[in-house]
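Visitor: I would love a close look at one part of this protein. Could you take your time over it and then show me how it sits among the rest?

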Amino acid sequence: MRAPLHALLDRARRTRDVLLVLAISDLRIRYGRGGLRAVKWFLEPFAALGVYLVLIVLVLRKGSEATGLVLVCAVVPFQLVMVGTANSMQSVLKRGSIILNMSLPRNLIPFSAIVTESIAFSASLVMLPIMMAIYGIAPTTAALWLPVAILLTVIVAVSLSYPAALFGLWYPELVPFALSVVRTLFFLAPGLITLSQITGVARHWMPLNPLTGLFELYRDALLYGQSPPAWEILYPLGAGLALLALTVPIYRREQPSFAKLIG
């Protein structure tokens, strides 16, 4: 019994070490090595939020009294999904020299892209309490749902990483188009305004977008102070797990051809 357990623990340590090495190298590529690296890492999510604030407040002139918090509850999780997908599309090609010359657990490559972006994602979480303080919204017991929302965000991002990695390898010339499609998903969900402010046919169709449940889950926990309905958790979770079940086997099947496609 001890031998299989020891082997399992040893394999887990090796997996952890590989993920850390891949994530750290990605972070150095994205943020550099100088003293300004931490500043860039911290300010990047604030810049993304600023774009949407300008769009909705100054251009569209819409929003609720807590516009900033409404936006943060969508922008924060979407940033992980968006940049995680973008990083995943380049992940196999970026590891080309390693794949060609070394033995690397290729199953970990897309996942490592999300590990990298999750480290950056952790900086953006500070915007949540900042916006709550700005609008005078006190946390309630519903804030205990926030860890669930964060975990669900990571699951959705991971589920997109495997098909994104394959797409970036197969169709590198179409990567900009694919990223535009992912950005469109933000506007096909209640990203700029809450779901309750949407009426008509769109109100019935938007919950079909897994991002809708994700955004509303953050708002229930932090803005509305209420427990989320089950669909806000189960639908994004089910969509993410279904996508993983569909695409991970395809990714594994295609691994032997990676060296040929890269070369």
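Which residue's side chain meets that of Arg253 in a salt bridge, and what is the N to O distance?

Guide: Happy to take you there. Please keep in mind that this is a predicted model. The partner of Arg253 is Glu254, and their side chains meet in a salt bridge at 3.3 Å, N to O. The two residues of this pair differ in their surroundings: Glu254 has a relative accessibility of 18% and counts as buried, whereas Arg253 is exposed, with a relative accessible area of 57%. The cut-offs make the contrast clear, because buried means under 20% relative accessible area and exposed means over 50%.

From here we can turn to the other ion pair, as the structure holds two salt bridges. Arg219 forms a salt bridge with Glu216, and their closest N and O atoms are 2.7 Å apart. Arg219 and Glu216 sit three residues apart in helix H10, so about one helical turn separates them. Both Arg219 and Glu216 are buried, while in the pair we began with, Arg253 is exposed. You can look at the Arg219 pair with some trust in the prediction: helix H10 (residues 210–224) is where confidence is highest, at a mean of 96. At the other end of the scale is helix H2 (residues 37–59), where confidence is lowest, at a mean of 60. For the protein, the mean pLDDT is 82, and 72% of the residues reach 70 or more.

Now for the setting. The protein has twelve helices and zero strands. Of its 263 residues, buried ones make up 43%.

Helix H8 (residues 175–187) is a good place to see how burial is arranged. H8 has 13 residues and reaches 19 Å from its first C-alpha to its last, close to the 18 Å expected at 1.5 Å a residue. Its buried residues are Val175, Ala178, Leu179, Val182 and Phe186. They cover an arc of only 115° around the axis, which puts them on the same side of H8. On the face turned away from that buried side, H8 carries the exposed residues Pro176 and Phe177. Phe177 also belongs to a nonpolar surface patch of about 480 Å², made together with Trp170, Tyr171, Leu174 and Val181. Val181 lies in H8 as well, and with a relative accessible area of 41% Val181 is partly exposed.

Two more helices bring together stretches that are apart along the chain. Ser124 is in helix H5 (residues 108–124) and counts as buried, at 2% relative accessibility. Ser124 and Val72 are 52 residues apart in sequence, and their C-alpha atoms are 9.1 Å apart in space. In helix H6 (residues 127–134) you will find Met131, which is buried with a relative accessible area of 11%. Met131 and Ala66 are 65 residues apart along the chain, and 8.4 Å separates their C-alpha atoms.

To return to your starting point, then: Arg253 is the exposed member of its pair, at 57% relative accessible area, and Glu254, at 18%, is the buried one. Seen beside it, the pair of Arg219 and Glu216 has both of its residues buried.

How values were computed: Residues numbered from 1 in each chain as written. Predicted model: local features only at pLDDT ≥ 70, side-chain atom pairs only at ≥ 80, totals over all residues. Heavy atoms only, no water. Patch = residues over 30% accessible without salt bridge, like charges linked within 9 Å, V, L, I, M, F, W, Y side chains within 5 Å. Areas by Shrake-Rupley, 256 points an atom, 1.4 Å probe, with all protein chains shown as cover. Salt bridge = Lys/Arg side-chain N within 4 Å of Asp/Glu carboxyl O. Helix = DSSP H or I, 4+ residues; strand = E, 2+ residues; numbered from the N terminus. Buried < 20%, exposed > 50% of the residue type's maximum accessible area, 1.4 Å probe, protein only. Expected span 1.5 Å × (residues − 1). Arc of directions from axis to C-beta. pLDDT = per-residue confidence, 0-100.
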